Structures are given as structure tokens and as C-alpha cells.
Amino acid sequence: MSGSVDAVRMAHAIRFLTMDACERVGEGHPGTPLGAADTATALYRDHLRHNPADPLWFDRDRVVLSNGHGSMLLYALLHLSGYEPFSLDAIRRFRELGSPCEGHPERAPEHGVEVTTGPLGQGIANAAGMALAEAFLHHRLGPDIVDHRTWAMVGDGCLQEGVGQEVISLAGHLRLGKLTFLWDDNRMTDDGEIGLAQGDDMPARFRLSGWHVEEVDGHDAAAVSAAIIRGKADPRPTMIACRTIIGRGVPGVEGTRAAHSARLLPHHTGAARAALGWPYLAFEVPGDVQTAWREAGRRSLPDYEAWQARVAALPADRRRELDRLREGRLPEGWADALRDYARQAAAGGRAEYGIRISGDLVDRLAAVIPELISGAPDLEGATAHKRSLRPFTSADQGGRYVHYGIREHAMGAMMNGMAAHGGVVPVGVTYLVFSDYLRPTLRLAAMMGLPSLFVFSHDSIGIGRNGPTHQPVEYLASLRAIPNMLTFRPADAVEAAECWELALANRGGPSSLVFARQPLPPVRRDAGENRSARGAYVLEEAEGGAPRVTLLATGSEVALALRAREALQARGVATAVVSMPCWELFERQERAYQHAVLGRGTVRVGVEAAVRLGWDRWLGDGGGFVGMSGYGASGAEDDLWRHFGITAGAIADEAERCLGMASGVT
């Protein structure tokens, strides 16, 4: 507890900072901060393990604001607790350009913002991923180094979104006992009372999924604190249903749908000051309340100092490993396993199933990156990314393969939580057509700069008889549209090893690695320099003079482009082939390199078993394209390639047609 200042006045400090900030800017979702202020006070005053002077303390508790629209709740807590970036001036500039107090901050751990989320449901899944990472590191590094908890502030939207049930079920099954949800149970949604669209018993839902459940008055900080203590003593994850009133403290607004995003005017804040007995000016926190909050912010200092002492006393090898993990560095020599594989593949010259190649590489990587955690949504057999890894289970939380069950949404968002926690390298595998289940996850990973590794299989009509529902045609274009994400589509085993190396080295954002289900014929017989590192390169030069045609291809279609080149060369058409495993990396290259690869004055033809969208930036005026213009069909693989005209002969014919158009011959 913090001196003689009661929790109610500490919570009121949160409320009035929120009201004043929202009134000043004219917007800001005050309902959640006003209603959840007492609950948050109990957490931050009595239980949270953190150090405002060292926000990146590796063994700190993680707090996720899953209902991220209520961001003033977090900003007020961080300011009051003593996090330097969140000064009163920053609070005054809430939602203004350049202020750290953004509408939805998403992530700024160096400032104390672990994760908040705009898309509801993502945050609680991030929290589950953080709890999984903590459990794994606790097992691996020992409780003297890793022993902290993950807390999620949760609203109705987080639990109503479909990902919510996936997370509730899996977290209970995996017995993530250091995970606690604090549910702001205010019985109100943006449309009105919760009964408009929900009538189920939410606490029962959690109990049935193996959670410890508490139900308390969310405006009684002592009751919330006692419930947290009981939850800590239970080995299961905990959900505390905190019954609250949305917009608490604003007469005429509290308890109504308007409180969610009400515009607070001076008469609202004036009435609230009178009703709650808060005779202070806007943005003024009374000295005794501020002192109590700062004392609460320093409550974990003994734990922090004891942890630092334990770290200082570690043997040199354990200290080096801890430093590496908390700095996000991969082990020395990790890429050697990939380069060895590439050399063997180049020498062997065998066609290998695309997704199996990736599984081979992950198996080798797992042997040299002990913090790598793989997993898939019920696709272990189809994707082969488990191999030597034992599963992460409730009984063995040192396992490194997560059986997510049929829960793609949860997998992606939990991976982001693991990456945000730090100390682990999350890999998730599913079919490319299921990447839409991960759409908010992919976007948030890119926005937050998380190095999550998404592996996608079954990338084209090449999967054959499963039909168009499983044959992605538009997905490569949609992945490439996401800023700050690298999308790789390797052509063979050598390129696969190169792309995996580049993806793992990409620490400032996510990577998507897209693989064929069918065998990939070898197109590279060299393996030394990582030729994929520049995104695109000339795989085969033209013979017999300057190139008249440049064929540009990705993935399995690179082999078709090489065969088309042979046909064109036989017709006397000098033709070069360019492999383009990563458009984003190619876009970063200097203009001279791009021109040298694409070819000056040549006819360019793009080849990809996908839609043309995005290709014209590389093809220029008069360029051709061989690919898909609609959905696929059910049939044998070879029949489908012929049916949709994605063949070496069709590529050569398209090049001839473009040459004729360029010369005025029709």
C-alpha cells in the first residue's frame, strides 16, 4: 500500500488526467479509463513488478492494454508512476502529432508501453504469447532470472471477437498460470447495453476452459487486490471480472453508451469535480496523491536490485546468454547451418518439396537457435516444421513446438506477443490462403516492428485437386502491400536457405516466407554469395548479344521461365531470366542496380501463378504477364498449369507477342 492516501483518490488522479486530456483535444474514449481506474490502481499500486527508471528490465511484468482505445488509462498510470516520457506536457498534448500520448500507441517498451491494440482481441492473444514466452524462458533460464507475470486489461470487445475464444481455450489448456485478465465488466458496448448482442455467462466460459475466475466490485481496489492475490496462488491462468460503471464520475454520462467515446465539455468536467470532491485545476495532481503514486512506482525496487545482483553473480557463460537474449541477438554462427544446407542443395541438384525444404531448414536452425519456437494450427504433418522439437505443453513448458489446434487467429497474435516479450524467436506455419486469418496480426507486426516469422505453404494452383478455395491467387499481392514486411517466395532450396537467412536477420519487422507444396526443381547450382539479399538478380544471362527479352519470375515459376528462355534462345531471341524472391529488398536497391537487373530496352514478361497486381512497376510500358486472372480449379497439377496457360511455351509466346507489339507488328 502507498502511505495514507487511499486508493479512491489515487484512482481519481487517473480519472481527472483522462477527463482533462480528452476535454482539451475534444475526443479520446474516456469511458474505459474512468471506469477501470480503480482496477488499474489495485494492479499498479499493489502488485505490478516494474521499474519506471528502467522500462526495459528483462524480468519486469508485462501489461497489455487490450482495449487500446482507452489509452489515457495507460498514459495516466505511466505518468503517475514516474515514467519520464509521459510528463504532464505530454498528457496535455494527448492525440496531437508528435506526442507520445497517441490515440492507439501500439508499442513503445522503452517508454513503458508494452502493447496496446486497436483491433480488439489481438491484445489478449498478445498477452497469451507473452505468458508463453515467459514460461519457456522461466524453464530455460531458471526462476532466478525469469519469474514475472503478464497482465491484460480487457474489455467486452476483446472477449466477443472470435480470437478471444481461441485464446481463452488455448491458454487454459496450456496452463499459462502467470497470465491474468482484468475484465472491465461494465455491461455496456458502443451500441448500448451488452444484452443487445450477448447473453452468455462469461465467467462460466472461462471456468469451462480451465481458468481460475474471480468476480469482484471493480470500484473496490482492495477487493480487486485480494482477488489478484488469490489468482497468483492458483496454477491456472486467472480472469478477474471487475464489475464497473463506464465513464464513472461524470454525471449524466456515466453508465451510458455515450461514455465510450463521449466528447467531454467543460461543464462535464466541472460537474465531475463537484461530484467526486476534486477541487483541483485541470492537469493538477495534489502533492500527496502524486507522492503516493511515485512510491507505488518504486515499490519493486528491492526486487529489481536483487535481480541485478543475481545477474551480476551469474557465471560468465550464463551472463553472456542472458545478455544475448535480452538484446535480441542470434547466436554466433547461426547462419552457418543455412549456408551449409545451400551448398549441399546446390551440389545435389535434386527437386525437393517447397514446404519440406523450409521444414528442413527450421530443423537445422532449431539446433543452433535454442530460443526458436515453432508451431502450426493443426498442420504438423502437412508442413513438417516440428521435426526434432518436442511440444510445449502444460506439463513441459520447455517444449519448443506449439500445437495451436485449429486456431490461426490465436497463433499469429500469440507469435506477436512472443516477439514483443523478447528472448524468443517465434515461427508460425500455415497455408497461404489462411493468411487472411492473420491479417490484423501481420499488419500489427509490421506497424510495431516485431520480427515475427510467418511461413506460408501451398502457394498456388500447384497444389492441384483441392480446388480454388485452397489455391491462392491474390495473396502475394496483399502481402506485398503491407509496409515494413518482407515477403519472400524462393525458387528452390538454395534460395530458400538464403531467404531464411534474410528473414532471421530482419529484426525491424516481420517476414513472410511463401513456399510451394509441390517439388521445386533446382535452378541454382551456386551457393556462396547470398544472391537473394538484393531482392532480385539475373539468374541466367542472355546469349548471343544484348538481351531482347527479360523474363521475371518468382517461386516455382522461375523453373518455367528458364525453360521458356531455352525456347526463345532457340528462336534466336536473346533472353535473360531474373529471379525475384523479395520485391521489398529489390525496391531498396540503387536505381543503377535495378536497371541492370531489369534490362534496359528489353521487353519484360512477368511470370507468377498469381494475379498481375503490382507487377507493372517492374514490367514497364509494353510488358507482358503470364499468370492468373481469376480463381483456380480442381484438377491434377499438370492439367491446371496447362489449363491456365502457365507453361514454358505460353511464356515464350507472350514474349514474342510483346516483341511484335514493340516493333509495331501485330
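I looked up A553 in this predicted model and found V607 of strand β18 standing opposite A553.

I then checked how the strands there pair. β16 covers residues 549-553 and β18 covers residues 603-608. I noted five bridges between β16 and β18, in the parallel sense.

Next I traced the whole sheet. I count five strands in an open sheet with mixed pairing, in the order β15-β17-β16-β18-β19. At the edges I find β15 (537-540) and β19 (624-627). Each of these two has a single partner strand, so one side of each has no neighbour in the sheet. For the twist I noted that neighbouring strands are turned by 30° against each other on average, with direction ignored.

I went on to the helices that lie across this sheet. Helix α21, residues 557-570, crosses β15, β16, β17 (575-579) and β18. I noted an angle of about 165° between α21 and β16. Helix α26, residues 648-662, lies across β16, β18 and β19. For α26 against β18 I noted about 150°.

I turned to P33 as a separate entry. P33 sits in helix α2, which spans residues 31-46. Is P33 buried or exposed? I entered P33 as buried, because its relative accessible area is 0%, and buried means under 20%. Which residues does P33 touch, leaving aside neighbours within four places in sequence? I listed I14, T18, G70, M72 and L73 as its contacts. For G70 I also looked up the separation: P33 and G70 are 37 residues apart in sequence, and their C-alpha atoms are 5.8 Å apart in space.

Terms used:
Residues are numbered from 1 along each chain as its sequence is written. This is a predicted model: local features need pLDDT of at least 70, side-chain atom pairs count only at pLDDT 80 or more; totals for chains, interfaces and linings use all residues. Side-chain values use heavy atoms; hydrogens and water are left out. Two strands pair if DSSP finds at least two bridges between them. Helices (H or I, at least four residues) and strands (E, at least two) are DSSP runs, numbered from the N terminus. Axes are lines fitted to C-alpha atoms, for helices over the stretch in contact, and angles run from 0 to 180 degrees between N-to-C directions. Contact means heavy atoms within 4.5 Å. Buried means under 20% relative accessible area, exposed over 50%, partly exposed in between (1.4 Å probe, protein chains only).
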